[in-house]
Amino acid sequence: MQDLFTVNNLWMMIATTMVFLMHLGFASLEAGLTRSKNTVNILFKNTIIPAIGLLTYAFVGFNLMYPGAEYAGSFFGFAGFGLTLPEGWDTSNYNAGYTYFTDFIFQAMFAATAATIVSGAVAERVKLGPFIFFSFLYVGICYPIVGMWKWGGGFLNTLETPFYDFAGSTIVHSVGGWGALIGAALLGPRIGKYTSRGMTAIPGHNIPLATLGVFLLWFGWFGFNGGSVLSADPGLVSKVFVTTSLAAAAGAFGALIVSYLMFKTYDITMVLNGILAGLVGITAGADQMGVNSSIIIGLIGGGLIVLAVVFFDKIKVDDPVGAISVHLVGGIWGTLAVGIFGDLASVSQFFSQLIGVAAVGVFCVIFAGVIFFVMKKTVGIRVDEAEETEGLDINEHSMRAYPDFATKD
Amino acid sequence: MQDLFTVNNLWMMIATTMVFLMHLGFASLEAGLTRSKNTVNILFKNTIIPAIGLLTYAFVGFNLMYPGAEYAGSFFGFAGFGLTLPEGWDTSNYNAGYTYFTDFIFQAMFAATAATIVSGAVAERVKLGPFIFFSFLYVGICYPIVGMWKWGGGFLNTLETPFYDFAGSTIVHSVGGWGALIGAALLGPRIGKYTSRGMTAIPGHNIPLATLGVFLLWFGWFGFNGGSVLSADPGLVSKVFVTTSLAAAAGAFGALIVSYLMFKTYDITMVLNGILAGLVGITAGADQMGVNSSIIIGLIGGGLIVLAVVFFDKIKVDDPVGAISVHLVGGIWGTLAVGIFGDLASVSQFFSQLIGVAAVGVFCVIFAGVIFFVMKKTVGIRVDEAEETEGLDINEHSMRAYPDFATKD
Amino acid sequence: MQDLFTVNNLWMMIATTMVFLMHLGFASLEAGLTRSKNTVNILFKNTIIPAIGLLTYAFVGFNLMYPGAEYAGSFFGFAGFGLTLPEGWDTSNYNAGYTYFTDFIFQAMFAATAATIVSGAVAERVKLGPFIFFSFLYVGICYPIVGMWKWGGGFLNTLETPFYDFAGSTIVHSVGGWGALIGAALLGPRIGKYTSRGMTAIPGHNIPLATLGVFLLWFGWFGFNGGSVLSADPGLVSKVFVTTSLAAAAGAFGALIVSYLMFKTYDITMVLNGILAGLVGITAGADQMGVNSSIIIGLIGGGLIVLAVVFFDKIKVDDPVGAISVHLVGGIWGTLAVGIFGDLASVSQFFSQLIGVAAVGVFCVIFAGVIFFVMKKTVGIRVDEAEETEGLDINEHSMRAYPDFATKD
């Protein structure tokens, strides 16, 4: 018993470190897919966000998300500020899979993701101060409240057919995705992106960095999904590894095929985002899918992402890194897929999935919308034109990411 | 029992994720050691190959490599398409070290390596489509057939003195190395590499990226070799960690010493490849060697690699990243070293090692040779001169890896 | 029992691989924070140092640091050259947490850190040969002797109130920090850093690389601190994960706040070093601190680092990457903090901490001072002016890190 508890807890701790590394993955991906004049700014945001995530989660987030039966309501619960070690916190009486501290730190690593996803969509034009303020609220309050609805025992978990979201296609990724959509829409597109002559691609400045980011995200996803088993259960975790890997691989091919048919070229950024779409897509049902279903979910997810990128450009929502397509569209797809494929597939499950998607969407859109809108009307959320043109690095950070190298024009 | 099974399986899953990260290592190393005009192309190949590896291994590879006693022949066996969960797949009845899914995913991560190694040697001039086609066949069919000869119970395992290859100096690395040799030889050297005035070094464009790649490969090797124990056995795995680390460290010094004596400069690319040579070299006998033997194997491996690089340049086989030297020469050296050093050293073992090296070599040379040759005579395997000069990125992928930066000339 | 031993040992092995990755973290951070003309040189040092660390630790270091009761004195002990497997080395009779080989390899990964830290402070001007010679002695002899004083049962462990250093704020980080201070002071500042017009900032050439380095170091710290529990004890390791994470996050904010107040800009290099300061600071007492104490230690550590960077510039000790501030100042702070906060806080503990800091400081200053001074007076430790101006890469390594890119002037 003690042995099994030790190995379960060990896995959860290691999964924690893997999820931590996803923040480096996001930082690398977002920096790589944007311009070198804004690189320090992006790295700054993606470095400070995990710090915000950890501190706010310790201060309020954990107790908002997992208030415990005593404090949990259907929509809101709160067990008080700070962390208090419960009796037997380091034994299997707390949980068969982990200690209280492991519970906290594993969940805390997820929290920052919500804002990190937004960071990519608002890149290259958002003001740093307001974005950090937004991140505090979104990570510290919005994310844990939504999380509580499902994982903390709230109303999505008590539907007649409970909403199902294994590791967070909706609860994590679409939360970030909705924030990204609202942020990008309220900010407006980058200068020069959509002109009277149509859409101009603004290429990312460092493809190796973006590729590194995606590999690290994939690596981290083994902890994200594998850790969501909440123990080292050999059958379940290994199944999740297989479904996660195959969906990612199929996502690469889904995006490759669709983007090749549409653009007649081998677009690596589409393949990279296709992998992420496969991963986001499998996340809601990684423990429910078979081999074939995982491949189908990944293939469709990967293809869908290409269409979504084109769609958001069509409606002139400028998302420099494709975050909305990957995390919102991919997250919705993955969540609905639980009702279509796998062990839980049924019409009522599908409707519960729809309810979850919609409820989270409404809440996040309002939450993010109010913050961004109020800031827009007061302090402003967008840097001025001169700063945007010159780059945020030199203006907000007084430095350049690559001072030794000559840039074009 | 259940506890031990859980911890064994946990280690195998974690080792899986470490081997996965080796694909990022290969991508970084190969991109770093080649020119910036071909970087997207290399990253594209190294991103899509793991996807190919996972999908083909699920479709045919796993059942070719481990067909099971019922279907295994001496040279070939096949248990059918796709993955079928056997009875008790998630218990120690399947294997004391892992579940069926863990078995699959750990092995699947190895599979792509065969093509990734080739990718480095054919870089900067191979046509993308034909190379991807080759990768499907080499990873999906050639690699698992060879693997079956030893690890699936085939003829190399039933020699009177069985061929020994702990984690794949021959079965993995030299399979890649032979493909690399054939591919590079049939493609011919890059324009400008060998001229009437002799050999011109074509330096890699990003040494930090290459260094990152080698460190990630070393990191991954703890999973590659450590996972090949196939359980978390404390004595064996920790021994393998030590032999692997010391061989890598000694490989760095072997290459440093020989390259300094030959070139009178501290050549970091040689040191990096020396580390890899030490790692490839110890792989065949990582569980059989003592501390001193590991250091000797690494030292010789590292030195040998410098000579091999010079040799392949002499015979005008252009290998941009040194993949043939590291994986083929290093792989042969490591395989033979099992007959010379360590617990299994004996004359008859040495001959069995030779047989294994030769058998795998003949099969891979024919397999890769036929594919590359047929493609060369039909669709062509090499980009045209204008494209090679301008770079593959802009021609095959319509983009640049670093669009913001000014390049020399 | 066997199961628990297996899981304990597994954690120690995985922690080993995480500490290994810290060497990539150091390499990336140091390369990123210096100029592109010296990048190959820095990567070369940071690649060869782990190799030196592993080999010298096998040859003498391990037996100097952990000589065993039979050979241990108060200040020095030595159990002989090389590694000898003791009876029962792979059972819990050796240690309940790990095998002999795990013990060795985990400790060996720490050893190189001492020289890696120095590497950053002496960057861009130190001669390669002499620095490698220094590294051999500092890693092979100085570090294990100091380590023995505490962890090998020496005099710091037998004080009436024993000196406490959980994972090495003093024993590891300040050892590196003292060497860095002496090296940087004896070398003198880089050309152009301090002129009659005051201090000129010499910006690092690759901020994404530096950021990558810090994330990898943070990741590795889970193994560094978490592994220092010396078993997979669920309560202790998870507590260490939480204290380590919160201190790092708070360190980011400590540095952000102080640097913003002082410089009125969002300085990412300060935030990155603030994270490291938080990590170094928590290292001495990661198992002793509560949530609030961890945050305070990190906050103060992060803020302190900014002041320290300014201070060392004021006294014209040129430390290109801030290594002295992070590892020496941060290490001293963390060590003293054990006497101020947490379970061990007391006046007598504080004085024991002071004794440890001072004893290690005196020994390291003398050890590093003698080596650097003798070399300075004989072979020289600094490259000549032309080489420094042109860059070490082309002069010592005959190559450039980024040959494809045009540099500014």
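This is a short talk about how chain B and chain A meet in a predicted model.

Okay, housekeeping. It's a predicted model, so local features need pLDDT of at least 70 and side-chain atom pairs count only at pLDDT 80 or more, while totals for chains, interfaces and linings use all residues. Residues are numbered from 1 along each chain as its sequence is written, chains are lettered from A and ligands numbered from 1 in the order written, and side-chain values use heavy atoms, with hydrogens and water left out.

So, how many residues take part in the contact? There are 53 from chain B and 54 from chain A, where contact means heavy atoms within 4.5 Å. About 4500 Å² gets buried between them, with carbon and sulfur atoms giving 82%; that's the accessible area (1.4 Å probe) that two parts lose on being put together, summed over both. On the chain B side, F20(B), D404(B) and F405(B) lose the most area to chain A, together 14% of what that side buries.

What about salt bridges? The rule, a side-chain nitrogen of Lys or Arg within 4 Å of a carboxyl oxygen of Asp or Glu, finds 0 across this interface.

Now, the symmetry. Chain A lands on chain C after a rotation of 120 degrees with 0.0 Å of shift along the axis (RMSD 0.0 Å), superposed by least squares on the C-alpha atoms of residues with pLDDT of at least 70 in both. The two copies are thus related as by a three-fold rotation axis. In chain A, A406(A) comes closest to that axis, its C-alpha at 3.2 Å. And only 17% of chain A's interface residues are also interface residues in chain C, so the copies meet through different surfaces.
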